[in-house]
Amino acid sequence: MTSAAGLISGSRPGLLGDVRNNPLALSLTRRGFLGQMTSGLTGVALSRLLVRELTAATARPPHFAPKAKQVLQIFCPGAASHLDLWDHKPMLEKFDGTPLPGAEAEVTFQGKNGNLMKSPWPFAPAGRSGKMISTLLPHIAGHVDDMAFIHSMTSRTNTHGPGCIAMNTCFPREGFPSAGAWLSYALGSQNENLPTYIAIQDLRGEPPNGKANWANGFLPAQHQGVSLAAQQPLRNLARPASIGAEEDRATRDYLERLNAEHAAAHPGSDELRARMASYELAARMQLAAPEVCDLGREPAHVHALYGTGDRNGLKAAYARNCLLARRLLEKGVRYVSLYCASRASSVDGLLNWDAHKTLKADYERHAPIFDQPTAALLADLKQRGLLQDTLVLWCTEFGRMPTHQDGTAGRDHNPDAFTTWMMGAGVRGGVSHGATDDFGRRSVQDVTTVYDFYATVLHLLGLDHEKLTYYHNGADRRLTDVHGHVLRSILT
Amino acid sequence: MNRIRLPLRCLPLLAVTTAWAADPAGIAFFEQKIRPVLAEQCYECHSASAKKLKANLLLDSKAGWEKGGDSGEPALVPGKPDLSLLIRSIQHLDDDLLMPPKKPKLPDAVIADFVTWVKMGAPDPRETGVVVATRGDKTWWSLQPLAAGGIERTVDEFIVEKLVEKGLTLSPPADPRTLIRRMTYDVIGLPPSPEEVAAFTAAYSRDADAATRDLADRLLASPHYGERWGRHWLDVTRFGESVGFERNVIIDDLWPFRDYVIKSINDEKPFDQFIAEHLAGDVIGPGNPAVEVASAFLVAGPYDDVKNQDVAAGAAIRAATLDDMITATGGAFLGLTFNCARCHHHKFDPIPTEDYYRLRAAFEGVTHGRRVIASQEERAAFKTATEAPNRERTRLVAEIDALNRDISLRAKTELAKRPPQRPKIDPQATEERFAPVAARFVKFVVHKHTGNPRAQRPGGGRLVEFEVWTAGEKSRNVALSRNGGRAEGARSAVADDFLEAYGPQFTIDGKFGEQWFIGSPAELTITLAQTETIDRITFSNAKGRDIEEGTARGETPCDYEVRVSADGAAWHTVATSADREPWTPAHGIERLRAEIITPEEAARLAALERELAQVQRTLNAIPKLRQVWAGIYTPAPEPTFVHQGGDPMKPTNPVVPASLNVLDRVTAPYALSADATDGERRLALARWITAAANPLTPRVLANRVWQYHFGTGIVDTPSDFGFLGGRPTHPELLDHLAARLVRHGWRLKPLHREILLSRTYRQGTALRADAALVDRDARLLWRFPPRRLGAEELRDTMLEVAGKLDRRMGGPGFRLYKFTQNNVSTYFPLDRHGPETYRRAIYHQNARASIVDVLTDFDLPDIAFAAPRRANTTTPLQALTLLNHSFTLDLAEALAARLDGDVNRQIARAYALAFQREPSAAEQAAAAALIASHGVKAFCRALLNANELIYLE
């Protein structure tokens, strides 16, 4: 695109917005010239091209050969406890009920802390690697040999909303694009008939800070995550019930004719043609999306594997979303965010992993919902060879305290230590990066940030996190702000 | 990597050409004494090869020290060592400038050499060096005073001049239909009516200039002008009507600021005054609601209202809250990105980090919140109206209290005589036993819970589990859902997106986790799978079995009855809490009151309560003084410090509320004392931002006006006039507009008029291949740039074309979502948009992080930040919404209903309304064919989706 760069010097905004930031605008306008000058393209051929470009299949080469082509992000909002799921701390068991050395009655998010509190569930070795993992997750334990744990994560905020956004955008406030939006912007679509970036919400509602978690921020709107779940179809997708198929087709044919005549009277305006193409694309999406969302096409044994028929309605709903995620990935959706649990409700720990007061009861409710369906999804991806191209991320916004919260049997927020993991394309299995201290209070070895996390994600997708930039309000913004180092120890 | 774009734009290299007269002796001195010291001591930070260039000062070339660094002055003044900053710095004359840093002072002999060298005229042979500007300094274009010349020239002269330079010309004038369509949307954001188009076309053919002038005057006088241009200003000021962040609670009383903006713009309030009111309206116009409301600007941004006990986190949240105000102020009025100077000096603009904290000092006393905004008259009238009823209420309450005290005293005495038979209830687990009874239904009726017994209304309290046990051996809990039990009961809380939440079913799930939030009536009814012989129940509000420290969450029922029934019709009570020790003495007193109270007392109390209710009704009928989300202003809590690396836990040097260093060359400075009041701080900043000598404020404003007329500003980054922002395509024109703006008394309408009447504005949009090759985006304006309608314009247009637009102005907004709150907020987009939403879109209550149909699809910004320029996307989701949302279908039906006559007349009228033109014969035929097969509504649905409707020439 070096030659194109010449065109943009001195002038940025075009009809489609900021050309400097928008390769679509760039290519449209550039070809607008060629079309205008050489006029080789007929309306139809041009419109096909435009369809491809609208879906951002704009042939942007990555910075280097990618290991992964698409991403599945599994997000357990509410600060899922590293100490009760992934990060085994024998010292915490040993010193259960005694003060945390050097931090007696420390004040954190909700107030004072009590003594150390061991996990209510024992840990056990799993897999060939013998990784210690909580017995609360017996199914997921079967996958540890494929996972790369990052045990030394840290967050800049101790509040759920900003924490969730930070885990998705690297900034603890609204207004920035999520990683999925950045990848849509950088790599575009692999399947023009489906949205590029899909956020699957939990049946229990939105995660903390809601839609800001899959927002496009200052990137153009086509990069925003589209909300879709087994329990919630794509908005405005279906033809209205009051309009018959025949009428719909006739109306759209007529509309196309109107637009074609109008475009013919305005030669050189690619934007008019782009909008015509967007209607074509919408029609294709109307065919493709219901098909991919039709879980009835899956055989019974697959449903059984995921647990879609479980009598726990929340587990069954999450299992259906897991199955949907696999179908979307199979069809080439670039980035799928799958949420397991939702926001902070009037009761801590009721709707998500925020176990402030009754850790045992809360996690015995959440873990069974999460465990089997997630394990089934991972197994299914692996068995179908999808892990060759798919990078799987497990995220939460921060960790929990090794102490119990004063006067309760739960744990308060801990932004200084938590665990995430990756698996799939380009990731070394059965390894752990970084470590917390003896009690899991703080990350102390190879301390890792969300910037490092996403520098690594971008790297696996063939992108240099320092070079993927977008100008906004006075700065060339990056997903990783001005930080980030690729975690090479977990790469194959 | 050229795929996306260069991370940093470089200025063209400035070749240094100044040639010094040869001075072999001087050069020799430089080479022997000076150059080695520079290389060893200075280049590490002050050379092109420096890893991190400090203070923007280059000492590896002559041009570098001639130009100087961030100070904006040359580092050396040849012949004058005492005026040379570099010399002073190595002499350690100024405490804040000690070079080289963190090293011992240079030897005296070396310093003497430097002094000698400067006295010699600082001969320096390093002429071949180049200075690459990697950032702006105080000579940056936007920081210079407005150019004096050119104020009498016309817009067209500036535009044509640049076009001629490139061998271009203006395009021929647009036809009158195009022009009135363009101008009407531009000025009032709505389409012209077919009648207006016809009248204008006729007038235009008689006298084009006069017709255009009249059109501009008519539109600028319309009250809809303020709605259109007010909407632009709301984008600039990141106006949003929910708090954002995790809780994102809706704000229902910020709309007066929106109305203030619309009215001010319609009234042509001078913009310097307008801006000053944004920052200090409460100081400028105390007691004048029309002015006071303006400083809502400061708190119209998002902020984090989650309580945080962690001190460091609390400080970070406060810092982020003030950062929003600083960013909004810097961007909206000054076009500078002060937020980039929060952690360090601005990397690209000459903004020291102190400037950021000076701005912070101005806002230290501001917090988010609502307060009464009313005139003295309104306050006085309210006081007068409420005085008498308030007195009466006080009297009644006192009498009721006295009577109750007396009753309670007697109840207390009585209570002491009745020792409890059984212990008080235990929130962990309370059991009630009774004689075995056959029952199919069990009802738990709650009278009181463990909260304050006097303050209780029906309902409240929570339960985790409720168990019903069979009599005899192998007792079973038959209430359990897995044993076939069913639970019913009202809830005091709901979560719309998670219907099971807080429900009574949790009391019989066998798990000590989720609670039932007891509603009104406070009754739990358990239906057993079949009739059973039972002899006890237990209830619990805590996880008290496995974990020692489990405590009850919320209140627990403590006064209650247990009733059973065989058929669900006849009930009898099998257990009550009457003989238990009361939860508190106050609970005991409440229990006995009914027995103790005399008939006279009861009657008297009832009468008093009736009277009180009547007084309360009178009080409620008096309209409250208006509260507005306009911020709460208190004395600045503590001095302001520069935070090292932006970390509020690392305060370093103190700063006072003061003018900003970045503009100290052109504006008169001020500095307030550290104990200046909150109002003084904001007023001083407001006066300084709008001072006549400040070139940025009018430049930034004039550029915004231009941008909204032409789609792109003269500077295409409207809130960034710094180094990373765009350069002006027409710097002289920008200064002309800014100077005219000031001359017009900071009123926009004269500026609009000049622009609207220019040939530049009135030209056509046709693409000319030759011109496009030279200037593809028409930044030089060889044509009028066509554009897509914005989100609000599109929605307003659909309503207007369908004849459904409700033009009532002002007042509380409407919502295209359902708002629900369950600790945090959720916004569900509506599937139906009723007629109550048919107002102009500026009156939509735009909540943060909400998605609504049509508006969000078409790039209504999410207002986490200011949106000084909107995105403009084309997506298939837009097509799906416009085709399938019921909004389109309803309006298609409305449009169809307003088309009279035969098919040809219907088609012609629809074309006139939607496109302001007549259909061609072919178009007529095509439309008639569709109508014949599928009806007028199908035709209207297509028109509302047409490109011609949504694109503007």
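## Domains of chain A

Domain bounds, as used here, come from an automatic or database domain assignment. In this predicted model, chain A is divided into domain 1, formed by 17-61 + 237-286, and domain 2, formed by 70-235 + 299-490. The C-alpha centres of domain 1 and domain 2 of chain A are 38 Å apart.

Chain A holds 492 residues, of which 64% are buried, and its secondary structure comes to 13 helices and 21 strands. Among the contacts in chain A with a separation of 6 or more, 74% are between residues 24 or more positions apart.

## The eight-stranded sheet of chain A

An open sheet of eight strands in chain A follows the order β10-β9-β11-β3-β12-β16-β8-β17, and its pairing is mixed. The edges are taken by β10 (226-227) and β17 (431-433) of chain A, each with a single partner strand, so one side of each is left without a neighbour in the sheet. At the β17(A) edge, strand β8 (residues 147-153) of chain A pairs with β17(A) in the parallel sense over three bridges, and A:Phe149 stands opposite A:Ser432 in β17(A).

Strand β3 (residues 70-75) of chain A is mostly covered, with six of its six residues buried. From β3(A), the residues A:Gln70, A:Leu72 and A:Ile74 point one way, while A:Val71, A:Gln73 and A:Phe75 point the other way, and all are buried. Strand β3(A) is joined by six bridges to strand β12 (residues 390-395) of chain A, the two running parallel, and A:Phe75 has A:Cys395 as its bridge partner in β12(A). Five bridges join β3(A) to strand β11 (residues 335-339) of chain A, again with the strands running parallel; here the bridge partner of A:Gln73 in β11(A) is A:Ser337.

## Helices packed on the sheet

Helix α11 (residues 313-330) of chain A lies across β3, β9 (197-200), β11 and β12 of chain A, and runs at about 175 degrees to β11(A). Helix α13 (residues 450-460) of chain A also packs on the sheet, where it touches β3, β8, β12 and β16 (418-424) of chain A. The direction of α13(A) makes about 170 degrees with that of β12(A). Strands β3 and β12 of chain A are thus named among the elements met by α11(A), and both are named again among those touched by α13(A).

## A three-stranded sheet in chain A

Chain A also has an open sheet of three strands, in the order β4-β5-β14 and with antiparallel pairing. Its edge strands are β4 (107-108) and β14 (403-405) of chain A, each of which pairs on one side only. Between β4(A) and strand β5 (residues 111-116) of chain A the pairing is antiparallel and extends over two bridges, with A:Thr108 standing opposite A:Gly111 in β5(A).

## Chain B and its contact with chain A

Chain B is divided into five parts: domain 1 (14-134), domain 2 (270-369 + 634-690), domain 3 (376-412 + 599-621), domain 4 (430-581) and domain 5 (888-952). The C-alpha centres of domain 2 and domain 3 of chain B lie 46 Å apart.

The contact between the chains takes 99 residues from chain A and 93 residues from chain B. On the side of chain B that touches chain A, the elements that each supply at least two residues include α13 (311-334), β19 (824-829), α25 (876-884) and α28 (921-934) of chain B. The largest share of that side, seven residues, comes from α25(B). By residue class, the side of chain B that touches chain A divides into 38 nonpolar, 31 polar and 24 charged residues.

## Confidence of the prediction

For the complex, the predictor gives an ipTM of 0.79 and a pTM of 0.82. Chain A has a mean pLDDT of 87, with 88% of its residues reaching 70 or more. Over residues 1-46 of chain A, however, the pLDDT is below 50, and this stretch has 77 contacts in the model beyond near neighbours in sequence.

The mean pLDDT of chain B is 90, and 96% of its residues reach 70 or more. Two stretches of chain B call for care. Over residues 1-21 of chain B the pLDDT stays under 50, and the model has 33 contacts beyond four places in sequence for them. Over residues 544-550 of chain B the pLDDT is below 50 as well, and this stretch has 15 contacts in the model beyond near neighbours in sequence.

Definitions and conventions. Residues are numbered from 1 along each chain as its sequence is written. Chains are lettered from A and ligands numbered from 1 in the order in which they are written. This is a predicted model: local features need pLDDT of at least 70, side-chain atom pairs count only at pLDDT 80 or more; totals for chains, interfaces and linings use all residues. A residue is buried if 20 or more other C-beta atoms lie within 10 Å of its own, exposed if 12 or fewer, and partly exposed in between; C-beta atoms are placed from the backbone. Helices (H or I, at least four residues) and strands (E, at least two) are DSSP runs, numbered from the N terminus. Two strands pair if DSSP finds at least two bridges between them. Two residues are in contact if their C-beta atoms, placed from the backbone, lie within 7 Å. Axes are lines fitted to C-alpha atoms, for helices over the stretch in contact, and angles run from 0 to 180 degrees between N-to-C directions. Ala, Val, Leu, Ile, Met, Phe, Trp, Tyr, Cys and Pro count as nonpolar, Asp, Glu, Lys and Arg as charged, and the others, Gly among them, as polar. pLDDT is the predictor's confidence in each residue, from 0 to 100.
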